[in-house]
Amino acid sequence: MPSMAANNLPRKNDTCNNNHTQSIEAAKGDFVTRRQRIQQQRKSLPIASVEKLLVEEVRNNNTLIVVGETGSGKTTQLPQYLFYGGFCRDGGVIGITQPRRVAAVSVAKRVAEECGVALGQKVGYAIRFDDMTSASTRMKYMTDGLLLREALLDPCLSKYSVIIVDEAHERTVHTDVLLGLLKSVQKTRSSVSKVMNGHAQNGLLMGAEKDKSFLMPCHGKKLSPLKLIIMSASLDARVFSEYFGSARAVHVQGRQYPVDILYTHQPESDYLDAALITIFQIHLEESHGDILVFLTGQEEIESVERLVHERLRQLPEGNQKLLTFPIFSSLPSEKQMKVFMPAPPGFRKVILATNIAETSVTIPGIRYVIDSGVVKARIYDADAGIESLDIVKTSKAQALQRSGRAGREGPGKCYRLYPESEFDKFEDSTTPEIKRCDLSNVILQLKALGIDDIAGFDFIDKPNRTAIIRSLESLFLLGALTEESKLTDIVGHQMARLPLEPVYSKALILSSQFNCLEEMLIVVAMLSVESIFYAPREKLEESRAALRCFSSPEGDHLTLLNVFRASNEFVVKNKLTHSKEKAEKNLRKWCKDNFINSRSLRHARDVHSQIQRNVEQMGLRITSCGDDMLVFRRCLAASFFLNAALKQPDGMYRILSSGLMVQIHPSSVLFRSKPECIIFDKLVRTNNNYIRNICRIDYLWLPELAPQCYGLQ
Ligand SMILES: Nc1ncnc2c1ncn2[C@@H]1O[C@H](COP(=O)(O)OP(=O)(O)OP(=O)(O)O)[C@@H](O)[C@H]1O
């Protein structure tokens, strides 16, 4: 792989700089200083000294793999180099995909600032339900899932001249599907540009030669070949290069600042406690600088947050200047963005994050990283046909990314809460998600893109065959596919349009026939967020009493419905008598009094509005079943029948579709009453196989409502 030596010296003739000279001169005071500092910082990035070389490489190669250390400047700089290198000259857009929303938004903001433009003009972002782009946007940051959805409407991705797939090493399921799709689009566009000089066949052109089923309607558009750049800090360039037909790979050398890595001597039995101790060790002993802690999920983050506050109260006042900021995927975007705001003078910020802050993001002020060494990952048991979220060790690549979040503005330190010998045993890279997840959603999306031969699709890593078959089976049973594995005319297409897990989409579609879509919208929204209830250890009895006020003997779904409706009533009453701010404050208090997680409830309310818009656009009728909850439970049984389970003499449950033995999670309102037959929403594996979100059903409903699965044949 050729290496590009980088030096940190400022260069002459920085094009972007020249273009900005006028605006810099016009600006005053702080603004000028900040702009100058940013431009200085840009020039000192390792990637800056190879700008021209990189632009030449992209000009000469349709596909390029770019590998560079964390913080070398790939994500923020390369799109600008290409913009000024003329790649948008004919109105083409440079699309940069990120695996995560927070990265797409925060990097776009930074690049807009570097270019001295308003966000949404030359530089913009687009994530699900939030489009900050305009006709003049030429550098567009987005999630990889969003670009996949764009491909549904424009299979040739004709507005893009360049697509950069960033953080490809993460190998999320969306990244992998996108890579296969882009490879195909690239071939199609190359043939279109050739054919345009000759003949186009009814505007339909063949995609990848291998994938004969992939016909792409390009409507005789004049298209230039698509430039594709695959980018990452820790990427096995060879795998990607081979996949793209020996594509050229370049390595940008050099990192910005050193990061000291510190390990524990012994393995830690409780990483949460270890994280807490390390936070305070840094806070009390180390010089200024903010702290970023990697944990596995919302529950852990919120419990560490509570413990930090408790310990702070025990410290002398002078040492209490520590502020906590959580960040996890289900936190509303504007709350996520709070982590990027500087701490007030004299205060230190501690950010408690999941792996969503692991790649691409630069959080200003971070000097210390605490890495728990674990992550919550999707694991699919193809034999049982069940996906679960398990806590697993990170890979070396992930550990590297985590430490890379320090040392972006100055030298940093990374505290790994495990011994070095354990790090040596980590896998080099994370197993691609496509090899360990339920494929139903991917298959639905591919089918909607017109790709019928799933096993024949050119995946960089083929998913497990049993997993494909399992997912095809469950989509068939849900009514999304015909026996020939084609998308069904109505249900299949409707399910593909909804941005939800297939079983949730099915529940919404069915509920409109059962006349309980109003209730199902609420329940699907509440199921889409993590932990609505919280039960602090020291107030266990009070929190249980609060839960009893909402709980339904029929199960958790109806309990969640009661919570949502009670909160709605409270909001409506409050809106009449109070200002918006006061009403929101009151709702937070109501949540606190009732041991309800106000963040989660707010997120559920957002999801509810979004999916309500979706179903209205699809023309589904939103009606209510009123007090007839039997209808609603029957609708749940008709949708979640693959998750039906029967009580065994020992109080365990057997999942009917797979035979797997499971237990009701203690947080369920049905934990004690243990009905004979139930449906559940999720399987969580700890030491036991726990099922969560349970609803009581009648066993005899199953052959009636899901004869395709339980019919007597
Ligand atoms: N929002 C920001 N605020 C301050 N500095 C920033 C910001 N975003 C980027 N930078 C600076 O630009 C540098 C390069 O960031 P960039 O995201 O382009 O690097 P990268 O090579 O893509 O790294 P990674 O692979 O870790 O995402 C950072 O190290 C930091 O110094």
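# A tour from strand β7 outward

Start with strand β7, residues 160-165: 6 of its 6 residues are buried, so this strand is largely enclosed by the rest of the structure. Keep in mind that you are looking at a predicted model.

**Neighbours of β7.** Now add strand β3, residues 93-98. β3 and β7 pair in the parallel sense, over 5 bridges. Pick out Ile96 and look across to β7: its bridge partner there is Ile164. Next, add strand β10, residues 227-232. β10 and β7 run parallel, joined by 4 bridges. Select Ile163, and you will find it opposite Leu228 in β10. What holds such strands together? Strands of a sheet pair through backbone hydrogen bonds, either parallel or antiparallel.

**The domains.** Colour the chain by its domain assignment. Domain 1 covers 4-31, domain 2 covers 46-252 and domain 3 covers 259-431. Domain 4 follows at 498-624, and domain 5 at 640-713. Now show domain 2 and domain 3 together. How far apart are their C-alpha centres? They lie 31 Å apart. The contact takes 21 residues from domain 2 and 15 residues from domain 3. Which helix gives the largest share of the domain 2 side? Select α5, residues 101-115: this helix supplies 6 residues. By type, the residues on the domain 2 side divide into 6 nonpolar, 7 polar and 8 charged.

**A second sheet.** Move on to an open sheet of 6 strands with parallel pairing. Trace the strands in order: β12-β19-β16-β13-β15-β14. Which strands sit at the edges? Select β12 (259-263) and β14 (322-327), each of which pairs on one side only. Turn the view to follow the twist, which averages 20° from one strand to the next.

Zoom in on the β12 edge. Strand β19, residues 412-416, pairs with β12 in the parallel sense over 5 bridges. Select Val259 and find Gly412, its bridge partner in β19.

Now add helix α12, residues 396-403. This helix lies across β12, β13 (290-294), β16 (366-371) and β19. Line up your view with β16: α12 runs at about 150° to that strand.

**Last stop: Asp30.** Select Asp30, in helix α2 (residues 29-43). Is Asp30 buried or exposed? Asp30 has 8 other C-beta atoms within 10 Å, so it is exposed; the cut-off for that label is 12 or fewer. Finally, select Ala546 as well. Asp30 and Ala546 are 516 residues apart in sequence. In space, their C-alpha atoms are 51 Å apart.

How values were computed: Residues are numbered from 1 along each chain as its sequence is written. This is a predicted model: local features need pLDDT of at least 70, side-chain atom pairs count only at pLDDT 80 or more; totals for chains, interfaces and linings use all residues. Helices (H or I, at least four residues) and strands (E, at least two) are DSSP runs, numbered from the N terminus. A residue is buried if 20 or more other C-beta atoms lie within 10 Å of its own, exposed if 12 or fewer, and partly exposed in between; C-beta atoms are placed from the backbone. Two strands pair if DSSP finds at least two bridges between them. Axes are lines fitted to C-alpha atoms, for helices over the stretch in contact, and angles run from 0 to 180 degrees between N-to-C directions. Two residues are in contact if their C-beta atoms, placed from the backbone, lie within 7 Å. Domain bounds come from an automatic or database domain assignment. Ala, Val, Leu, Ile, Met, Phe, Trp, Tyr, Cys and Pro count as nonpolar, Asp, Glu, Lys and Arg as charged, and the others, Gly among them, as polar.
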